[in-house]
Amino acid sequence: MADNGNITHELNYVTANRFYIEIESQITASFSECSGLGVQIDKEVYFEGGVNEQQRIFLKQAKFDDVTLKRGITEDLVFWDWINKTLNPGKKERRNVNILVFNQGGETMQCWTLIGAIPVGWKTPALQASSSTVAIEELTLAYEGLKVVAEQGGGGASTNLQRANTGYFPSH
């Protein structure tokens, strides 16, 4: 778009209250909150002798923050079933999880895929006879990598990523 000779871009903002969670390409539940999504890249700072106005930054490993999903408790035990598999001996079940954010028109605006996610925490609320609020359960997920896709019109990132022979999920 051009406005008085200047190029402007119309931004299509999303609202934080329109999102869904997909686990292995299926919308699993209605969630009231998703928090903690983030990445931090470790760095080392070096100072060169005689160069007083600059520093050198060397990047190291990325650390992904745990994500907490919250929803009202229902008869669906999907959270408990997943954490229970993690608690029991045997192969732990890692899954790819999509967090889809929509605009007001219902179009998918962005998708964050948690690669190789596994539950590391689960809790229920305090139960109080005097309370009338909805009982909220929480599931905390750790994950091995992150993929971000911005697409309009539906769909999100693919969750069919498989662990490579090296033991890692591909980062593409």
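## A buried threonine to start with

A residue is called buried when its relative accessible area is under 20%. Thr108 has a relative accessibility of 4%, so Thr108 counts as buried. You can find Thr108 in strand 10. Its C-alpha atom is separated by 8.9 Å from that of Phe19, although the two residues are 89 apart along the chain.

Please keep in mind that you are looking at a predicted model. The pLDDT averages 78 over the protein chain, and 73% of the residues score at least 70. One stretch deserves extra care: over residues 152-159 the pLDDT stays under 50. For that stretch the model has 22 contacts beyond four places in sequence.

## The overall plan

Let us step back to the whole chain. The protein chain has twelve strands and one helix. Where does the helix fall in the pattern along the sequence? Reading β-β-β-β-β-β-β-β-α-β-β-β-β, you meet the helix after eight strands, and four strands follow.

The protein chain has 172 residues, and 28% of them count as buried. About 11,600 Å² is exposed, with carbon and sulfur atoms supplying 50% of this area. Now take the contacts between residues at least 6 apart in sequence: 63% of these join residues that are at least 24 apart.

## The nonpolar core

How many residues does the largest nonpolar core have? The answer is 16. The members with the most contacts inside this core are Ile21, Leu69, Trp82, Val97, Leu114, Ala117 and Leu141.

Several elements share in building this core. Helix 1 supplies at least two residues, and so does each of strand 3 (19-23), strand 8 (67-72), strand 9 (95-102), strand 10 and strand 11 (136-142). Trp82, one of the core residues with the most contacts, also has a charged partner: Arg95 lies over the face of Trp82, at 4.7 Å from the ring centre.

## Aromatic pairs

A pair of aromatic rings is described by the angle of the planes and the distance of the centres. A search of the whole structure finds three aromatic pairs. One of these pairs is Tyr46 with Phe58: the ring centres are 5.1 Å apart and the planes meet at 75 degrees, so this pair is edge-to-face. Tyr46 lies in strand 6 (residues 39-46) and Phe58 in strand 7 (residues 56-64), so the pair ties together parts that are twelve residues apart in sequence. Are these two residues buried or partly exposed? Tyr46 is partly exposed, with a relative accessible area of 41%, and Phe58 is also partly exposed, at 44% relative accessibility.

Another pair is formed by Trp80 and Trp122. Their ring centres are 4.9 Å apart and their planes are at 50 degrees, so this pair is tilted. It links distant parts of the chain, 42 residues apart: Trp80 is in helix 1 (residues 78-87), while Trp122 is in strand 10 (residues 108-123). Trp80 is partly exposed at 30% relative accessibility, and Trp122 is partly exposed at 32%.

## Two more residues to explore

Pro119 is another residue of strand 10. Is Pro119 buried or exposed? With a relative accessibility of 3%, Pro119 counts as buried. Leaving aside neighbours within four places in sequence, the contacts of Pro119 are with Trp82, Ile83, Thr86, Leu139, Thr140 and Leu141. Thr86 is 33 residues away from Pro119 along the chain, yet their C-alpha atoms are separated by 7.2 Å.

Cys34 sits in strand 5 (residues 33-35). Which residues touch Cys34, once its neighbours within four places in sequence are set aside? Cys34 is in contact with Phe19, Val67, Thr68, Leu69 and Ile99. The relative accessible area of Cys34 is 25%, and Cys34 is partly exposed. Try finding Leu139 too: Cys34 and Leu139 are 105 residues apart in sequence, and their C-alpha atoms are 9.7 Å apart in space.

Notes
Residues are numbered from 1 along each chain as its sequence is written. This is a predicted model: local features need pLDDT of at least 70, side-chain atom pairs count only at pLDDT 80 or more; totals for chains, interfaces and linings use all residues. Side-chain values use heavy atoms; hydrogens and water are left out. Buried means under 20% relative accessible area, exposed over 50%, partly exposed in between (1.4 Å probe, protein chains only). Contact means heavy atoms within 4.5 Å. Accessible areas come from the Shrake-Rupley method with a 1.4 Å probe; for residues, only the protein chains shown count as cover. Rings of Phe, Tyr and Trp (its six-membered ring) pair if their centres lie within 6.5 Å; planes under 30 degrees apart count as stacked, over 60 as edge-to-face and the rest as tilted. A charge sits over a ring if NZ of Lys or CZ of Arg is within 6 Å of the ring centre and within 35 degrees of the ring normal. A nonpolar core is a set of buried Ala, Val, Leu, Ile, Met, Phe, Trp, Tyr and Cys residues joined through side-chain atoms within 4.5 Å. pLDDT is the predictor's confidence in each residue, from 0 to 100.
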